[in-house]
Amino acid sequence: MSLKLLVLGLLMEGEKHPYEVQQQVKARGMDCYMKYAKGSLYYAFDQLEKSGMIEVKEVIRETNRPDKTMYGITEKGEEQFQQLLLEELQKPMHLTHPIYAALTFASYGDPQKMDEALEVNIQEVRRLAGLLESIQEEKRERLSWGARTILIGAIEHLHAEMRWMERIREEAWGR
């Protein structure tokens with residue numbers, strides 16, 4: 001998912017400050033299924049403002065705190081959001097995985113150490129699935145259809161990934 005789509009999509013919900021967008025990404029578990037550098041978020045806001053897709057709606061000044069700039073999406077931004085949304089929906093899935101390179105040469109590795117490494121990976125995938133399941137359960141009523149769909153798909157994918165890695169361990173090392 002593009003960072004532009006992320007920012008514009010969250011601004012479609014209403015005015016936000018970049019830090020609030022960052023908090024929404026974390027609260028919704030979006031950081032589990034999309035990568036972005038937190039520092040790039042402010043840059044994205046700056047670029048979107050320069051291109052006329054978002055605009056400053058309000059600057060909140062509080063004593064003893066830095067100014068908080070609230071942004072809103074413009075008509076041009078809404079058009080760009082619609083275009084990005086369709087582009088992302090049309091992108092084919094990429095069948096890449098970090099483990100593929102390792103599996104290519106697994107016959108040269110130490111079976112016990114590889115088994116241990118896979119177990120660590122399985123535990124991390126299990127932790128992530130549990131995190132997403134808790135988000136899905138806790139926020140069930142407040143999640144949009146799209147957010148629920150993403151969580152369901154990600155959870156199913158993670159469970160399939162765990163089964164696949166367990167099968168690798170069983171077939172390769174006879175566990």
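**Group meeting: salt bridges, helix packing and a surface patch**

I would like to begin with a group of charged residues, Asp-115, Glu-119, Glu-166 and Arg-169, which are linked in a network of salt bridges. Before I go further, please keep in mind that what you have in front of you is a predicted model, and that I will describe it as such throughout.

Within that network, let me take one pair in detail. Asp-115 forms a salt bridge with Arg-169, and the closest N and O atoms of the two are 2.8 Å apart. This pair links distant parts of the chain, since Asp-115 sits in helix α6, residues 111-138, while Arg-169 sits in helix α7, residues 145-173, with the two positions 54 residues apart in numbering. Are these two residues buried or exposed? Both Asp-115 and Arg-169 are buried.

By the rule used here, the count for the model comes to 12 salt bridges, and I have picked two others to set beside that pair. In general, side chains of opposite charge can pair when their charged atoms come close. One of my two examples joins Asp-67 to Arg-61, with the closest N and O atoms 3.4 Å apart. Here Asp-67 has a relative accessible area of 41% and is therefore partly exposed, whereas Arg-61, with a relative accessible area of 62%, counts as exposed. The other example is the salt bridge between Arg-65 and Glu-62, where the closest N and O atoms are 3.7 Å apart. Arg-65 is exposed, because its relative accessibility is 58% and the cut-off for that class is over 50%, and Glu-62 is partly exposed at 41%.

Let me turn now to how some of the helices pack. As a general point, two packed helices are described by the angle between their axes and the distance between the axes. Helix α2, residues 18-27, packs with helix α3, residues 38-50, at an angle of about 135 degrees, and their axes are 10 Å apart. That angle is the reason why α2 is described as oblique to α3, and the crossing in which α2 passes α3 is right-handed.

A second packed pair involves helix α1, residues 3-12, and helix α4, whose axes come within 9 Å and cross at roughly 125 degrees. α1 is therefore oblique to α4 as well, and the crossing of α1 and α4 is left-handed.

Helix α4, which covers residues 75-90, is also the place of Leu-86. Which residues form a nonpolar patch on the surface with Leu-86? They are Leu-85 and Leu-89, and the three leucines together have about 300 Å² of accessible area. Leu-86 itself has a relative accessible area of 51%, so it is classed as exposed, the cut-off being over 50%.

I will finish with helix α7, to which two further residues belong. Leu-158 lies in this helix and counts as buried, because its relative accessibility is 9% and buried means under 20%. The C-alpha atoms of Leu-158 and Met-12 are separated by 29 Å, the two residues being 146 residues apart along the chain. Glu-171 is likewise found in helix α7, but this residue is exposed, with a relative accessible area of 62%. Between the C-alpha atoms of Glu-171 and Gln-90, which are 81 residues apart along the chain, the separation is 36 Å.

How values were computed
Residues are numbered from 1 along each chain as its sequence is written. This is a predicted model: local features need pLDDT of at least 70, side-chain atom pairs count only at pLDDT 80 or more; totals for chains, interfaces and linings use all residues. Side-chain values use heavy atoms; hydrogens and water are left out. Patches are made of residues with over 30% relative accessible area and no salt bridge: like charges are joined within 9 Å, nonpolar side chains (Val, Leu, Ile, Met, Phe, Trp, Tyr) within 5 Å. Accessible areas come from the Shrake-Rupley method with a 1.4 Å probe; for residues, only the protein chains shown count as cover. A salt bridge is a side-chain nitrogen of Lys or Arg within 4 Å of a carboxyl oxygen of Asp or Glu. Helices (H or I, at least four residues) and strands (E, at least two) are DSSP runs, numbered from the N terminus. Buried means under 20% relative accessible area, exposed over 50%, partly exposed in between (1.4 Å probe, protein chains only). Axes are lines fitted to C-alpha atoms, for helices over the stretch in contact, and angles run from 0 to 180 degrees between N-to-C directions. Angles under 35 degrees count as roughly parallel, over 145 as roughly antiparallel, 65 to 115 as roughly perpendicular and the rest as oblique. A crossing is left-handed if the near helix is turned anticlockwise from the far one by less than a right angle, and right-handed if clockwise.
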